Amino acid sequence: MNHEITKRILSSIFVITIAFFFIIKGSFYFIFFMSIFFLVIAYEWYQMSRKKNYLLSGFVFLSFSTYSAYLLKGTTSTEEFYFLMVILTCVATDIGGYIFGKIFKGPKLIKISPNKTYAGMFGGFFLSIISVNFFFNYAHKLNLGYKLKDFTQEVFILVLLISSVSQIGDLVVSYFKRKSKIKNTGKILPGHGGLLDRVDGLIFAIPFAYLLFKII
């Protein structure tokens, strides 16, 4: 179990480091990164759902999600700050859910994803709140022009909402993997499987966050 957790954490650090680099570089670099990102997850979705009646609808949603990421990233430092917050929330939710689920086990959450537990669900909430709180308190030390933000009650609720949607997205992709009779969408990431396995919550959380931020 420790070996699996180590691989998962190292893979997460690797992915989030690369993502943060291209996000912070912005402009052409970010567009290039998102293009590669879309091609990989679209290919994995095709491999998983070819000859299935949900193939096309999946492509449409992945396109919408990727474009939402471009819009959510925006052009200002404030937009970029909250975009990074969304990514951090999803990554922390995934790691927290995995670690707490493995350590505490307990009752299963839902049949379509038998490895998901209530302990994992609360672990995802817990680590996402801790991680984003840390980010809000220390983001100014990155010297990227971010103004110091306060981790307010509104941000706390926002993190819970994004974390919830991220976990729902994980379950939705798990449902389609079961329908396609596969365990992982690929083998590109040690401890995770495919890239789509790694970002299943993120592709749902980003459109949700974009619409939520627009409403707010």
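Q: Why does Arg198 count as buried in this predicted model?
A: Its relative accessible area is 6%, and buried means under 20%, so Arg198 falls on the buried side of the cut-off.

Q: What makes the meeting of Asp94 and Arg198 a salt bridge?
A: Their side chains come to 3.7 Å, N to O, and the rule asks for a nitrogen of Lys or Arg within 4 Å of a carboxyl oxygen of Asp or Glu. The pair ties together distant parts of the chain, with Asp94 in helix α4 and Arg198 in helix α7, 104 residues apart. Asp94 is buried too, at 11% relative accessibility.

Q: Why is Lys116 called partly exposed, while Asp170 is called buried?
A: Lys116 has 25% relative accessibility, and partly exposed lies between 20% and 50%. Asp170 has 13%, under the 20% limit for buried.

Q: How do you know that Asp170 and Lys116 form a salt bridge?
A: Their closest N and O atoms are 3.5 Å apart, which is within the 4 Å limit. Here Asp170 sits in helix α6 and Lys116 in the loop between α4 and α5.

Q: Why are α2 and α3 called roughly antiparallel?
A: Their axes cross at roughly 160°, and angles over 145 count as roughly antiparallel, so the label fits. The residues of their contact divide into 14 nonpolar, four polar and one charged.

Q: What makes Lys73 and Glu80 a salt bridge?
A: Their closest N and O atoms are 3.3 Å apart, again within 4 Å. Lys73 is buried at 8%, and Glu80 is buried at 10%.

Conventions. Residues numbered from 1 in each chain as written. Predicted model: local features only at pLDDT ≥ 70, side-chain atom pairs only at ≥ 80, totals over all residues. Heavy atoms only, no water. Axes fitted to C-alpha atoms, helices over the stretch in contact; angles between N-to-C directions. Helix = DSSP H or I, 4+ residues; strand = E, 2+ residues; numbered from the N terminus. Parallel < 35°, antiparallel > 145°, perpendicular 65-115°, else oblique. Nonpolar A, V, L, I, M, F, W, Y, C, P; charged D, E, K, R; others polar. Buried < 20%, exposed > 50% of the residue type's maximum accessible area, 1.4 Å probe, protein only.
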